[in-house]
Amino acid sequence: MLTRICSDCKKKLPLKKFYRNRRRCKICQKEINVAYYIANSDKRKVNATTWQKANPDRVKANSAAWKKANPKKTKIYQQRKNITGAHRAMSAVYEAIQCGNLPNLKKSFILCSNCRLVRAVNYDHRDYNFPLAVTPVCLRCNNLLGAAIPITEVKI
Ligand SMILES: [Zn+2]
Ligand SMILES: [Zn+2]
């Protein structure tokens with residue numbers, strides 16, 4: 001049996017435990033990949049958003065494909081949004097931004113109204129009964145604050 005000594009763990013292993021032309025065995029390579037993955041997770045996030053911005057059509061196609069492949073999940077997701085009023089509240093905010101009634105957080109630098117440390121990226125709802133009662137918050141605070149109060153009257 002053909003073997004090779006791994007340059008990292010120094011174990012003598014069969015060739016099939018190595019990727020082609022590599023001196024490091026698959027197990028050691030995997031560990032390095034994981035470390036690299038963790039070390040670069042922030043960078044990758046940035047890359048992903050840049051990619052998403054540069055490829056709006058692909059993003060649309062991908063999400064359409066996902067919806068098609070996961071009709072049940074999509075339905076539940078939409079129902080939940082409708083029930084809580086999140087969808088209505090979000091479109092109200094979106095419209096207000098378009099009309100200039102709310103500052104566009106992508107264009108204006110506004111500090112998070114919760115931590116006052118970093119830039120706000122989202123409008124946070126505390127109560128979906130008041131779709132325009134929002135505060136600009138950063139992602140972290142938005143997650144910390146959690147879900148808003150759902151709408152009490154459900155329009156069908
Ligand atoms: Zn190894
Ligand atoms: Zn914050």
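Trainee: What distance separates the centres of domain 1 and domain 2?

Mentor: Taken over C-alpha atoms, the two centres lie 46 Å apart, in what is a predicted model. Domain 1 covers residues 3–39 and domain 2 covers residues 70–145.

Trainee: Why is the protein called more spread out than a compact globule?

Mentor: Start with the makeup of the chain, which has 6 helices and 4 strands, in the order β-β-α-α-α-α-α-β-β-α from the N terminus on. The globule rule gives 15 Å for 156 residues, whereas the radius of gyration of the protein is 24 Å, well over that value, and therefore the protein is described as more spread out than a compact globule. Along the principal axes, its C-alpha atoms fill a box of roughly 70 × 40 × 30 Å.

Trainee: How many of the residues count as buried?

Mentor: Of the 156 residues, 11% count as buried, the cut-off being 20 or more other C-beta atoms within 10 Å. As for contacts with a separation of 6 or more, 26% of them join residues that are 24 or more positions apart.

Trainee: What makes C112 a buried residue?

Mentor: C112 has 21 other C-beta atoms within 10 Å, and the cut-off for a buried residue is 20 or more, so C112 meets the requirement and is called buried. C112 is placed in the loop between helix 5 (86–99) and strand 3 (122–125).

Trainee: Which residues does C112 touch, leaving out those up to four places away in sequence?

Mentor: On that basis C112 touches L117, V118, R119, A120, P136, V137, C138 and C141. By contrast, S7, which is 105 residues from C112 along the chain, has its C-alpha atom 49 Å from that of C112.

Trainee: Which residues make up the largest nonpolar core?

Mentor: That core has 5 residues, namely C112, A120, V137, C138 and C141. To be joined into a core, buried nonpolar residues must be linked through C-beta atoms within 7 Å. C141, one of the members, touches C112, N114 and C115 when residues up to four places away in sequence are not counted. In soluble globular proteins, nonpolar side chains tend to be buried together.

Trainee: Why does Y19 count as exposed?

Mentor: An exposed residue is one with 12 or fewer other C-beta atoms within 10 Å; Y19 has 11 such neighbours, and therefore counts as exposed. Y19 sits in the loop between strand 2 (12–14) and helix 1, where, apart from neighbours within four places in sequence, Y19 is in contact with K26 and Q29. The C-alpha atoms of Y19 and Q29 are 8.9 Å apart, although 10 residues separate the two in sequence.

Trainee: What makes the phi values of N21 and R116 worth pointing out?

Mentor: Phi of N21 is near 60°, a positive value in a residue other than glycine, and R116 likewise has a positive phi, near 55°, without being glycine. N21 belongs to the loop between strand 2 and helix 1, while R116 lies in the loop between helix 5 and strand 3. N21 has 5 C-beta neighbours inside 10 Å and so counts as exposed, and R116, with 10 other C-beta atoms within 10 Å, is exposed too. A positive phi, near 90°, is also found at G85, which follows helix 4.

Trainee: Why is helix 2 said to lie largely in the open?

Mentor: The number of buried residues among the 14 residues of helix 2 is 0, and so helix 2 lies largely in the open. Helix 2 (residues 41–54) reaches 20 Å from its first C-alpha to its last, close to the 20 Å expected at 1.5 Å a residue.

Trainee: What makes helix 1 "hardly covered"?

Mentor: Of the 14 residues in helix 1, the count of buried ones is 1; for helix 4 (residues 71–84), also described as hardly covered, that count is 0.

Trainee: Which elements have the lowest and the highest mean pLDDT?

Mentor: Helix 2 has the lowest, at 80, and strand 4 (residues 134–137) the highest, at 96. Over the protein the mean pLDDT is 89, and 97% of the residues reach 70 or more. Where pLDDT is low, the predicted coordinates should not be read in detail.

Note on methods: Residues numbered from 1 in each chain as written. Chains lettered and ligands numbered in written order. Domains from an automatic or database assignment. Helix = DSSP H or I, 4+ residues; strand = E, 2+ residues; numbered from the N terminus. Contact = placed C-beta atoms within 7 Å. Rg over C-alpha atoms; globule rule 2.2 N^0.38 Å. Expected span 1.5 Å × (residues − 1). pLDDT = per-residue confidence, 0-100.
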